Each structure stands twice: as structure tokens, then as C-alpha cells.
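Here are my notes on the model you sent over. I've kept them as numbered points, so have the viewer open and click along.

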Amino acid sequence: MSQITQILTSVERGDPQAADQLLPLVYEELRKLAAAKMANEAAGQTLQPTALVHVAWLRLGGDGQPGWQNSAHFFGAAAEAMRRILIDRARSKGREK
């Protein structure tokens, strides 16, 4: 079991210290995922990968993380959250025009 999966299990069990350990452990991987998602966006995008990570983290539940089965489940949900954030921003810009 990976360290991330162990921490996710501890978070699910209600360990408050585990929630504090999660973000620093997954942050760099989330940042890489966000940068990859941003690479597919149109030029002139004002959202930065760091901001995308922070918004996705909040959508995923912030410090009150829901029960994740494993790290693959967590990162899959994070990728989906980032995709939806980018879609919502694109739709919002389309409405402004």
C-alpha cells in the first residue's frame, strides 16, 4: 500500500493529522497534472496551474476529504475536477462574449 493510500485511509478513519499530511504529499503530482491539463488550453488562459490545483483541492473537499479507495481513485477525481473547472471557465468566457 502506497504512503498516499495509507494517509487516505487514515483520513477516512477520521485522523485529523492525516488530513494535514495529505496535501503536501500529493501537491507536486497535482501540480504536474494541472500543468498537463493547462497545456491543452487556448492561449491567453489567465488561470495558472497552481491556482487550478487550489480550486480543485477545494472542490475535492479541502481538509474534509471524502473516502478515497486508493491513490488512483484520488488522482482520477482530481483530474476530473480540474477538467470540469476548465470547462466551467470556458463556458463562462463564452457567455461574456
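1. Start with Phe-75: its relative accessible area is 18%, which makes it buried (buried is under 20% relative accessible area, exposed over 50%, partly exposed in between, with a 1.4 Å probe and protein chains only). Before going on, a caveat: this is a predicted model, so local features need pLDDT of at least 70 and side-chain atom pairs count only at pLDDT 80 or more, while totals for chains, interfaces and linings use all residues. Residues are numbered from 1 along each chain as its sequence is written, and side-chain values use heavy atoms, with hydrogens and water left out.

2. How confident is the predictor in the chain? The mean pLDDT is 85, and 92% of the residues reach 70 or more; pLDDT is the predictor's confidence in each residue, from 0 to 100. Confidence is highest in α3, at 91, and lowest in helix α1 (residues 3-12), at a mean of 85. Helices here are DSSP runs of H or I with at least four residues, strands are runs of E with at least two, and both are numbered from the N terminus.

3. Now the rings. The count comes to 2 aromatic pairs. The rule takes rings of Phe, Tyr and Trp (its six-membered ring) with centres within 6.5 Å; planes under 30 degrees apart are stacked, over 60 edge-to-face, and the rest tilted. Trp-57 and Phe-74 make an edge-to-face pair, 6.5 Å centre to centre with 70° between the planes. Trp-57 sits in helix α3 and Phe-74 in helix α4, so this pair ties together parts that are 17 residues apart in sequence. Trp-57 is buried at 7% relative accessibility, and Phe-74 is buried at 0%. Phe-74 also pairs with Phe-75, again edge-to-face: 5.2 Å between centres, 75° between planes. Ring pairs thus join Trp-57, Phe-74 and Phe-75 into a cluster.

4. Next, helix α3 itself (residues 49-60). Its 12 residues reach 16 Å from first C-alpha to last, close to the 16 Å expected at 1.5 Å a residue (the expected span is 1.5 Å times one less than the number of residues). Which residues of α3 are buried? They are Pro-49, Leu-52, Val-53, Ala-56, Trp-57 and Leu-60. These cover an arc of only 135° around the axis, which puts them on the same side of α3; the arc is that of the directions from the helix axis to the C-beta atoms. After α3 comes Gly-61, with a positive phi near 120°.

5. On to charges. Side chains of opposite charge can pair when their charged atoms come close. A search of the whole structure turns up 3 salt bridges, taking a salt bridge as a side-chain nitrogen of Lys or Arg within 4 Å of a carboxyl oxygen of Asp or Glu. One of them joins Asp-88 to Arg-59, with the closest N and O atoms 3.1 Å apart. This pair links distant parts of the chain, with Asp-88 in helix α4 (residues 71-96) and Arg-59 in helix α3, 29 residues apart. Both ends are partly exposed: Asp-88 has a relative accessible area of 34% and Arg-59 is at 46%.

6. Where should you look within α4? Try Glu-80, which forms a salt bridge with Arg-83 at 2.8 Å between the closest N and O atoms, and another with Arg-84 at 2.7 Å, N to O. Glu-80 and Arg-83 are 3 residues apart in helix α4, so about one helical turn separates them. For Glu-80 and Arg-84, 4 residues apart in α4, the separation is also about one helical turn. Glu-80, Arg-83 and Arg-84 are therefore linked in a network of salt bridges. Glu-80 is partly exposed at 28%, as are Arg-83 at 38% and Arg-84 at 48%.

7. Last, have a look at Thr-5 in helix α1. Thr-5 is buried, with a relative accessible area of 10%. What does it touch, leaving aside neighbours within four places in sequence? Thr-5 is in contact with Gln-69, Asn-70 and Ser-71, where contact means heavy atoms within 4.5 Å.
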